[in-house]
Every structure is written in structure tokens, then in C-alpha cells.
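User: Please take a close look at the salt bridges in this structure. I would like to know which residues pair up and where they sit in the fold.

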Amino acid sequence: MQLRIAGVVAESAVDGPGLRMTVFTQGCSRHCPDCHNPHTHDPDGGTWADTAELLARFEANPLLCGLTVSGGEPFLQAAAVAELAMDIKKLGKTIVLYSGYTFEELQTLSQKDVNVARLLAYTDILIDGPFLKAERDLNLAFRGSRNQRIIELTQQGRE
């Protein structure tokens, strides 16, 4: 399955717990002022990547404990991200997702879109909410602003 991405960080220790591969999706309609990744907003930017090729890159590094998907907005490509997340979960690894949507908004979206529901089901840790400059805090783990939450959706996310 094809996924439009802004880029990949092969090894990251700042995008969730442990050593992770991070995929930055392309496309976001939120346009948060002072967004950390404004180059990811254009839905026609970035490049196409095959989820099977991303999985192969992940599997090539036995040190990785999981995959982080950021953006852009991963839920705009929920079907492709869910496919990749499912394959990573089959390896016994964790999924961390960053979203500008709140968890409550995603729950509502999941009632209308089965792919949003699937992606939430594969997610161990959700970091939700838009970046708010007035709430910016450089001392927060894995977040840019105090309004954003780290939500552990599975037991694996609590370990």
C-alpha cells in the first residue's frame, strides 16, 4: 500500500520510548501556528513510499523497539498507516502515534471511518492535540505544548 511521507528517521530516541523508527506523514489541514513540521502540511508534497518497503527498513534494524508515526497528520492516511502499524505489531513491537486531533475527536471519527478505528486499535501510545504556542513547554517528554497528552491505549504502551 502507498503512503505519502515527508521523510523517515531511521533511529530516533526523542519520538517515544526507546529506539524507534519515525515516519513523518505528508499532509495536514490543521496548520498550527509555529508547527514543528510545517513542510509536512501540503498534501501534494513529500514522496510516495510503499508500506512493505518501510516495513523492510524497520525489520533490518533489530535494535528498534517500535515505530512512531508523526506528521503531517497520520489519520489523514489512516488506511495505509494502519496497514504498516498492523505489520509492525505482528513483530511484537510498539506503535506511537502523534496526532493534532484529540483522542475524543478520533473516537468520533472512528465511528465513521473503519480505518481510523483500525489505526487506533494498533496504537499503543497516542500523543494527541494540536501544538499551541501559548502552551509551549520545552521540558515535556515527547510533546511540544502542555495541552498535548500522552495516552497509553494498550498494556504494551504502559511498559
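**Salt bridges across the chain**

Analyst: K133 is an exposed residue, because its relative accessibility is 55% and the cut-off for exposed is over 50%. The model is predicted. In this model K133 pairs with D34 in a salt bridge whose closest N and O atoms are 3.1 Å apart. D34 sits in the loop between β2 (20–25) and β3 (47–50), and K133 in the loop between β6 (125–128) and β7 (149–152), so this contact ties together parts that are 99 residues apart in sequence.

The D34–K133 pair belongs to a wider set: a search of the whole structure finds six salt bridges. Another of them joins R149 and E104, with an N to O distance of 2.7 Å. Here strand β7, which holds R149, is linked to helix α3 (residues 103–112), which holds E104, and the two residues are 45 positions apart. R149 is partly exposed at 32% relative accessibility, and E104 is also partly exposed, at 41%. These two residues do not stand alone, since a network of salt bridges links E104, D128 and R149.

A further salt bridge forms between E135 and R146, where the closest N and O atoms are 3.5 Å apart. Both residues lie in the loop between β6 and β7, eleven residues apart. E135 has a relative accessibility of 28% and counts as partly exposed; R146 is partly exposed too, at 43%. The loop between β6 and β7 is also where K133 is found.

As for the setting of these pairs, the protein has five helices and seven strands. From the N terminus on, the order of elements is β-β-β-α-β-α-β-α-α-β-β-α. Links between distant parts of the chain are also seen in the contacts in general: of those with a separation of 6 or more, 66% are between residues 24 or more positions apart.

The overall dimensions fit this picture of a folded chain. For 159 residues, a compact globule would have a radius of gyration near 15 Å, and the value of 14 Å for the protein agrees with that. The C-alpha trace spans about 40 × 35 × 30 Å along its principal axes, and buried residues make up 48% of the total.

On charge as a whole, there are 15 positive and 20 negative side chains, and the centres of the two sets lie 3 Å apart. The protein exposes about 7800 Å², of which carbon and sulfur atoms supply 54%.

Terms used:
Residues are numbered from 1 along each chain as its sequence is written. This is a predicted model: local features need pLDDT of at least 70, side-chain atom pairs count only at pLDDT 80 or more; totals for chains, interfaces and linings use all residues. Side-chain values use heavy atoms; hydrogens and water are left out. Helices (H or I, at least four residues) and strands (E, at least two) are DSSP runs, numbered from the N terminus. The radius of gyration is taken over C-alpha atoms; the globule rule is 2.2 Å times the number of residues to the power 0.38. Buried means under 20% relative accessible area, exposed over 50%, partly exposed in between (1.4 Å probe, protein chains only). Contact means heavy atoms within 4.5 Å. Accessible areas come from the Shrake-Rupley method with a 1.4 Å probe; for residues, only the protein chains shown count as cover. Lys and Arg count as positive and Asp and Glu as negative; His and the chain ends are not counted. The place of a charge is taken as NZ of Lys, CZ of Arg, CG of Asp or CD of Glu. A salt bridge is a side-chain nitrogen of Lys or Arg within 4 Å of a carboxyl oxygen of Asp or Glu.
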